[in-house]
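These are my notes from going through one structure, entry by entry. I looked up spaces inside the fold, then single residues, then one helix.

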Amino acid sequence: MADQVTIGLIQASHNVHGDEPVEVHKEKAIEKHVKIVKEAKDRGAQIICLQEIFYGPYFCAEQNTKWYEAAEEIPNGPTTKMFQEIAKQLGVVIVLPIYEREGIATYYNTAAVIDADGTYLGKYRKQHIPHVGVGNEGCGFWEKFYFKPGNLGYPVFDTAFAKIGVYICYDRHFPEGARILGLKGAEIVFNPSATVAGLSEYLWKLEQPAHAVANGYYVAAINRVGYEAPWNMGEFYGQSYLVDPRGNFVAMGSRDQDEVVIGVMNKKMIREVRDTWQFYRDRRPETYSEMTALLP
């Protein structure tokens, strides 16, 4: 594998009103994102990541069983199959965050990972599920209504261009999984998100650069843009970025525009940083047992 890998991060607005049928949301969003994925390829991207549950609004702003209809099987659902073909045609790796249904009615917030030849490599299921109100209108990040916590651990996927891990949105507040991904060999961790101003924006450019530094890898953070009706619970503030193992921002998106954020990761820097700091050598897991105990 080459040391230099071009990363494409897709941030986009979703302008279909929430009262529209689920199939309308999916059709419009997929049509938009297919075009943007092709643009990312044209701009040199080798690994492309879409935003959290990319094919619709952030419906967790409300608690409504209507949105269960948006869930699909992975990898046997139509959206994963479609993007396998796109990945194969374009020769790109795709991180595809969608709403997963397993069996009759078990639901997860999931990202499928598709290799550059179209091969489905596996999936990551979001481990940490928020349930918190935003504003005074009854809106919030009501994710426990829609998702079970992930049960597949913290896998690392050996793709055509790099070893990648995935964290999803709220996961970024928890350093434990970020460390596990590094221990498993991740060179870059993707965090597709849907987060609004007024709640966690002050942490957006703080936590994930810290993960990158603590673990000696790149982090790619993706956030959608705009306001979504009828909830309008806040501004999805974009600013998707790629940050290197020294905590430097390699590329940064705008606050309010649909766009592909392009950045280049350099694996040589990962080796240099790890050789300098040796955090993995000096960690003391034998002293951390209290972390898994039920402390007050």
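**Entry: second largest cavity.** I sorted the residues lining the second largest cavity by class and got five nonpolar, two polar and one charged. The model is a predicted one. I listed the lining as Y58, A61, E228, W231, N232, M233, G234 and F236. The volume of the second largest cavity came out at about 40 Å³.

**Entry: largest cavity.** How many cavities of 30 Å³ or more does the structure hold? I found three. For the largest cavity I noted a volume of about 50 Å³. I read its lining as Y167, A178, V189, N191, Q208, H211, Y217 and V219. I then looked for the elements that give two or more residues to this lining, and these are β10 (188-193) and α5 (207-215). Sorted by class, the lining of the largest cavity has five nonpolar residues, three polar ones and no charged ones.

**Entry: largest pocket.** I put the volume of the largest pocket at about 220 Å³. Its lining consists of P175, E176, R179, I180, L183, R283, Y288 and M291. By class I counted five nonpolar and three charged residues there, with no polar residue.

**Entry: R224.** I located R224 in the loop between β11 (218-223) and β12 (225-226). Is R224 buried or exposed? R224 counts as buried, because its relative accessibility is 0% and the cut-off for buried is under 20%. I then checked what its side chain reaches. One partner is the backbone oxygen of E52, at 2.9 Å. Another is the backbone oxygen of I53, at 3.1 Å.

**Entry: I53.** Since I53 had come up as a partner of the R224 side chain, I looked it up in its own right. I53 sits in the loop between β2 (47-49) and α2 (78-90). Its phi is positive, about 40°, although I53 is not a glycine. I wrote this down because most residues other than glycine have a negative phi. I53 is buried, with a relative accessible area of 2%.

**Entry: Q239.** I found another positive phi at Q239, near 55°, and Q239 is not a glycine either. Q239 belongs to the loop between β13 (236-237) and β14 (241-243). Its relative accessible area is 11%, so Q239 is buried.

**Entry: cis peptide bonds.** I looked for cis bonds because most peptide bonds are trans. I noted one that joins I74 and P75, with omega about 15°. P75 lies in the loop between β2 and α2, and I53 is in that loop as well. I noted another cis bond from A229 to P230, with omega near 10°. P230 is in the loop between β12 and β13.

**Entry: A162.** I placed A162 in the loop between β8 (156-158) and β9 (163-166). A162 is buried, because its relative accessibility is 0%. Which residues does A162 touch, leaving aside those up to four places away in sequence? I listed M1, I47, F157, E187, M265 and K267. I also took the C-alpha to C-alpha distance from A162 to I188, which is 7.5 Å, with their positions 26 residues apart in sequence.

**Entry: helix α1.** I checked the length of α1, which runs over residues 22-42. At 1.5 Å a residue, its 21 residues should span 30 Å, and I found the end C-alpha atoms 30 Å apart, so the two agree. I then listed the buried residues of α1, which are V22, H25, K26, A29, I30, H33, V34, I36, V37 and A40. What do the buried residues of α1 pack against? They pack against the strands β1 (4-11), β2, β3 (93-102) and β16 (259-266), and against α2. Last, I looked at what follows the helix: G44 comes after α1 and has a positive phi, near 100°.

Note on methods
Residues are numbered from 1 along each chain as its sequence is written. This is a predicted model: local features need pLDDT of at least 70, side-chain atom pairs count only at pLDDT 80 or more; totals for chains, interfaces and linings use all residues. Side-chain values use heavy atoms; hydrogens and water are left out. On a 1 Å grid over the protein atoms alone, a cavity is a set of points where a 1.4 Å probe fits but cannot get out, and a pocket is an open set with protein on both sides within 12 Å along at least five of seven lines; lining residues have an atom within 4 Å of a point. Grid points are joined across faces, edges and corners, and a volume is the space filled by probe spheres set on the points. Helices (H or I, at least four residues) and strands (E, at least two) are DSSP runs, numbered from the N terminus. Ala, Val, Leu, Ile, Met, Phe, Trp, Tyr, Cys and Pro count as nonpolar, Asp, Glu, Lys and Arg as charged, and the others, Gly among them, as polar. Buried means under 20% relative accessible area, exposed over 50%, partly exposed in between (1.4 Å probe, protein chains only). A polar contact is a pair of N or O atoms within 3.5 Å; within protein, one must be able to donate a hydrogen and the other to accept it, and residues adjacent in sequence count only if both atoms are side-chain atoms. Contact means heavy atoms within 4.5 Å. The expected span of a helix is 1.5 Å times one less than its number of residues.
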